[in-house]
Amino acid sequence: MTEMLALQEYRRELVRFGRWLYRKGFMPGTSGNLSVRLEDGTILATPTGCSKYLMRAADMVIVDLDGRQISGTRKVTSEIGMHLAVYRARHDIRAVVHAHPPIATGFACAGRALDEPLCAEAVMTLGPVPLAPYATTGTDALAQSLAALIPHHSAILMANHGAVAYGENLLDAFLKMETVEHFANICLVAHQLGSARPLQQLAIDDLLQAKERYVQNALAKMH
Ligand SMILES: [Zn+2]
């Protein structure tokens with residue numbers, strides 16, 4: 001695939017996943033933003049002030065790792081600093097999704113992390129989702145509030161704001177965001193029922209071992 005074609009494909013992917021997230025109710029109004037790291041190290045991101053349902057491939061913007069706009073007629077999302085903080089800290093990450101999924105954001109507004117091991121699936125696929133302290137959106141303070149957490153997690157709640165998830169590609173980042181909201185829903189119900197029962201440490205260790213075996217098997221099949 002030539003570089004131009006690859007870029008066009010990434011633009012279309014951002015449109016596709018933006019619509020998917022919008023339809024799930026994770027990006028109402030003009031909220032939420034998505035980005036991917038391109039082969040040359042620059043970042044292709046969604047523009048500011050744009051419904052993720054109406055967004056088109058031509059609307060995307062390219063910035064460098066310092067946030068300087070390289071191309072695009074629209075202005076880049078005001079929350080690009082959050083994305084850049086992830087890309088700078090994690091060289092393995094190629095896509096970032098920021099959204100306001102209602103249940104997970106409810107936890108973030110109630111000052112609650114999603115770090116209780118209530119659900120086997122979430123322990124294996126997501127791990128604990130911490131809560132970053134509140135900082136004003138679009139400022140360096142927000143990126144700083146995430147800095148210590150980014151290396152150790154694949155998704156983070158931001159107090160009184162929303163969530164950010166990241167992965168090896170857009171699908172991976174999307175699936176993590178979807179799992180965050182699903183897990184938030186389960187935690188909410190378990191607590192409403194009044195008898196949430198977290199997994200014991202022994203069971204968690206078993207799950208993490210099972211995950212390790214799964215990863216090793218998948219790697220062995222690739223070689
Ligand atoms: Zn936001």
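Visitor: How is a salt bridge defined when one reads a charged residue such as Arg37?

Guide: A salt bridge is a side-chain nitrogen of Lys or Arg within 4 Å of a carboxyl oxygen of Asp or Glu. The model discussed here is a predicted one. In it, Arg37 is buried yet forms no salt bridge. Asp92 is the nearest side chain of opposite charge, and it lies 6.4 Å away.

Visitor: Where is Arg37 found, and which residues is Arg37 in contact with beyond its neighbours within four places in sequence?

Guide: Arg37 is found in strand E1, which spans residues 33-37. Leaving aside neighbours within four places in sequence, its contacts are Thr42, Ile43, Tyr87, Arg90, His91, Ile93 and Arg94. For Ile93 there is a further detail: its backbone oxygen lies 3.0 Å from a polar atom of the Arg37 side chain.

Visitor: Let us turn to the metal. Which residues coordinate the zinc ion?

Guide: One reads such a site from its donor atoms. Glu79 (OE), His98 (NE2), His100 (NE2) and His161 (NE2) coordinate the zinc ion at 2.1 to 2.4 Å. Along the chain, these donors follow the spacing E-x18-H-x1-H-x60-H.

Visitor: Why does the pair His98 and His161 tie together parts that are apart in sequence?

Guide: His98 lies in strand E5 (residues 95-99), whereas His161 is in the loop between strand E7 (155-158) and strand E8 (162-167), so the pair ties together parts 63 residues apart in sequence. His98 is buried, at a relative accessible area of 0%. His161 also counts as buried, at 11% relative accessibility.

Visitor: What geometry does the site of the zinc ion have?

Guide: Four donors count as tetrahedral if all angles lie between 85 and 135 degrees. Here the angles among the four donor atoms run from 85 to 172°, and the site is irregular.

Visitor: Is Pro101 buried or exposed, and where is Pro101 found?

Guide: Accessibility and position are read together. Pro101 is in the loop between E5 and helix H3 (102-109), and its relative accessible area of 0% makes Pro101 buried. Outside its neighbours within four places in sequence, Pro101 is in contact with Phe26, Ala163, Met177 and Glu181. Pro151, 50 residues from Pro101 in sequence, is 23 Å from it in space, C-alpha to C-alpha.

Visitor: In which loop does Gly41 lie, and how does Gly41 count in accessibility?

Guide: Buried means under 20% relative accessible area and exposed over 50%, with partly exposed in between. Gly41, in the loop between E1 and strand E2 (43-45), counts as partly exposed at 27% relative accessibility. Its C-alpha atom is separated by 43 Å from that of Ala190, 149 residues apart along the chain.

Methods: Residues are numbered from 1 along each chain as its sequence is written. This is a predicted model: local features need pLDDT of at least 70, side-chain atom pairs count only at pLDDT 80 or more; totals for chains, interfaces and linings use all residues. Side-chain values use heavy atoms; hydrogens and water are left out. Helices (H or I, at least four residues) and strands (E, at least two) are DSSP runs, numbered from the N terminus. Buried means under 20% relative accessible area, exposed over 50%, partly exposed in between (1.4 Å probe, protein chains only). Lys and Arg count as positive and Asp and Glu as negative; His and the chain ends are not counted. A polar contact is a pair of N or O atoms within 3.5 Å; within protein, one must be able to donate a hydrogen and the other to accept it, and residues adjacent in sequence count only if both atoms are side-chain atoms. Contact means heavy atoms within 4.5 Å. Donors are N, O and S atoms within 2.8 Å of the metal (3.2 Å for Na, K and Ca); water is not among the atoms, so sites may look incomplete. Four donors count as tetrahedral if all angles lie between 85 and 135 degrees; four count as square planar and six as octahedral if opposite donors are over 155 degrees apart and all others between 65 and 115; anything else is irregular.
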